[in-house]
Every structure is written in structure tokens, then in C-alpha cells.
Amino acid sequence: MFRSVTRNSLRIYTMINTKITITNKAGLHARAAAKFVSTVSEFVSNVEIGSSLKMVDGKSILSIMLLAAAQGSELELIINGPDETQALQAILNLVDNRFGEE
């Protein structure tokens, strides 16, 4: 799923591409979207979230809210950068804890 490779003293990061399921009752509403953005913004890596129809910037609350992801929605995550593994773990923790809402 992910790894980094060093070639000629240049570190190359491979992209993480995985799926998450929104399990909290209210879905990705304003408060949950704000927590997602706050969490993701702690990292340098680029984060995109969405579906096969639309991918958005994971660091933009308005873009995330436009996804209108209800409970049970399966969303694709694409994370790319030097701290991608840590970003993924933080996102998974947030989702597993239902955004601290339940």
C-alpha cells in the first residue's frame, strides 16, 4: 500500500491510495469536516478525499462538505508526501473514533 524508496540520495515517496468508510451518524458535516481538515493540516503531505466521481483537497473544509458524505459513505483517500504514513494513521484514528462524536 505504501513505502518510500531512496535512489541516489533522493527519497521518493510512493502514494498511499486507500478507502475509508464514514461511520458516525451525521456523516461528514461541518464539525466532522473541520476536525478532518484540522487533522490533515498538521501534515506536509497532500491529501485528497472523495469518490470516483469527485476528488477534493483534504485541507479544504468547503470542498469536503461539498462531498455530502453521509453515514456509510465509502471515500477514497490519496495521500502523497514525506509524512504520508503518519497522516494516514491520524485520519484512520479520527474515523475510527467517529470524529469524537459518539
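Colleague: Let's start with Arg 31: does it count as buried or exposed?

Modeller: This is a predicted model, where local features need pLDDT of at least 70, side-chain atom pairs count only at pLDDT 80 or more, and totals for chains, interfaces and linings use all residues. Residues are numbered from 1 along each chain as its sequence is written, and side-chain values use heavy atoms, leaving out hydrogens and water. Buried means under 20% relative accessible area, exposed over 50%, and partly exposed in between (1.4 Å probe, protein chains only). With a relative accessibility of 54%, Arg 31 counts as exposed.

Colleague: Thanks! Which residue forms a salt bridge with Arg 31?

Modeller: Searching the whole structure turns up 1 salt bridge, meaning a side-chain nitrogen of Lys or Arg within 4 Å of a carboxyl oxygen of Asp or Glu. Its closest N and O atoms are 3.7 Å apart, and the partner of Arg 31 is Glu 101.

Colleague: How many residues apart in sequence are the parts this pair ties together?

Modeller: Glu 101 is partly exposed, at 26% relative accessible area. Helices (H or I, at least four residues) and strands (E, at least two) are DSSP runs numbered from the N terminus. Arg 31 lies in helix α1 and Glu 101 in the segment after α3, so the separation is 70 residues.

Colleague: On to the sheet: which strands stand at its edges?

Modeller: Happy to help! The open sheet has 4 strands with antiparallel pairing, in the order β3-β6-β4-β5; strands pair if DSSP finds at least two bridges between them. Two strands have a single partner each, so one side of each lacks a neighbour in the sheet: β3 (16-21) and β5 (55-57).

Colleague: Which residue of β6 stands opposite Thr 18?

Modeller: β3 and β6 (residues 74-80) run antiparallel and are joined by 6 bridges. Opposite Thr 18 in β6 stands Leu 77.

Colleague: And which element gives the largest share of the largest nonpolar core?

Modeller: Such a core is a set of buried Ala, Val, Leu, Ile, Met, Phe, Trp, Tyr and Cys residues joined through side-chain atoms within 4.5 Å. This one has 26 residues, and Leu 28, Phe 36 and Leu 77 are among those touching the most other members. β3, α1 (30-40), β4 (46-50), β6 and α3 each supply at least two. The largest share, 6 residues, comes from α3.

Colleague: Finally, how far is Asp 83 from the nearest side chain of opposite charge?

Modeller: Asp 83 sits in the loop between β6 and α3 (84-96). Lys and Arg count as positive, Asp and Glu as negative, with His and the chain ends not counted. Asp 83 is buried without a salt bridge, and its distance to Lys 59 is 6.9 Å.
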